[in-house]
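Welcome! Let's get to know this structure together, one question at a time.

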Amino acid sequence: MKETMCLKYMYRDQVCTEIFVDFTRDKIRIKNHTDKIYRKAFGAKEKPTWEDFNIFLRDRVFPPTRGNVKELLQELGLQSYDPLQIIEKTGGRVAEDNMHVEISYMPQI
């Protein structure tokens, strides 16, 4: 895994929130590009925590308790349940909305 990355939380082709992640320090910062709270990655929160980030990741993937989780992981080519790796494979798409996540790796922030 890279030390830093940027996740773009997208509605169709519009960037709604950029999430800048520093895994060496377990820190994030965000930049919202929309005024619509329901399209922001963290809603009304302007300074989300590392735990908020982990909740966001878990909300963008299938639950680990799903009955066919082993088969789904195998289809994705994954050995274990890791929300970030699942998002890398699925784009963080869920059935409930039209949002998705684009990930890019970047130099240290």
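Q: Which residue in E3 stands opposite aspartate 22?
A: Happy to start there, keeping in mind that this is a predicted model. Strand E2, residues 14-22, is joined to E3 by 6 bridges, and the two run antiparallel. Across from aspartate 22 in E3 stands lysine 27.

Q: Which strands are the edge strands of the open sheet?
A: The sheet has 4 strands, in the order E3-E2-E1-E4, with antiparallel pairing. An edge strand pairs on one side only, and that picks out E3 and strand E4 (99-105).

Q: How many degrees does the twist average from one strand to the next?
A: Picture the open sheet again, following the order E3-E2-E1-E4. Going from one strand to the next, the twist averages 20 degrees.

Q: At about what angle to E4 does helix H3 run?
A: Two helices lie across strands here, so to speak, in their own ways. H1 lies across strand E1 (4-11), E2, E3 and E4, and runs at about 125 degrees to E2. Helix H3 (residues 83-90) lies across E1 and E4, and its angle to E4 is about 105 degrees.

Q: Is lysine 40 buried or exposed?
A: Lysine 40 sits in the loop between strand E3 (27-32) and helix H1 (50-59). Leaving aside residues up to four places away in sequence, lysine 40 touches Tyr9, Thr17, Asn32, Thr34, Asp35 and Glu46. Its relative accessible area is 13%, and buried means under 20%. Lysine 40 is therefore buried.

Key: Residues are numbered from 1 along each chain as its sequence is written. This is a predicted model: local features need pLDDT of at least 70, side-chain atom pairs count only at pLDDT 80 or more; totals for chains, interfaces and linings use all residues. Side-chain values use heavy atoms; hydrogens and water are left out. Buried means under 20% relative accessible area, exposed over 50%, partly exposed in between (1.4 Å probe, protein chains only). Contact means heavy atoms within 4.5 Å. Two strands pair if DSSP finds at least two bridges between them. Axes are lines fitted to C-alpha atoms, for helices over the stretch in contact, and angles run from 0 to 180 degrees between N-to-C directions.
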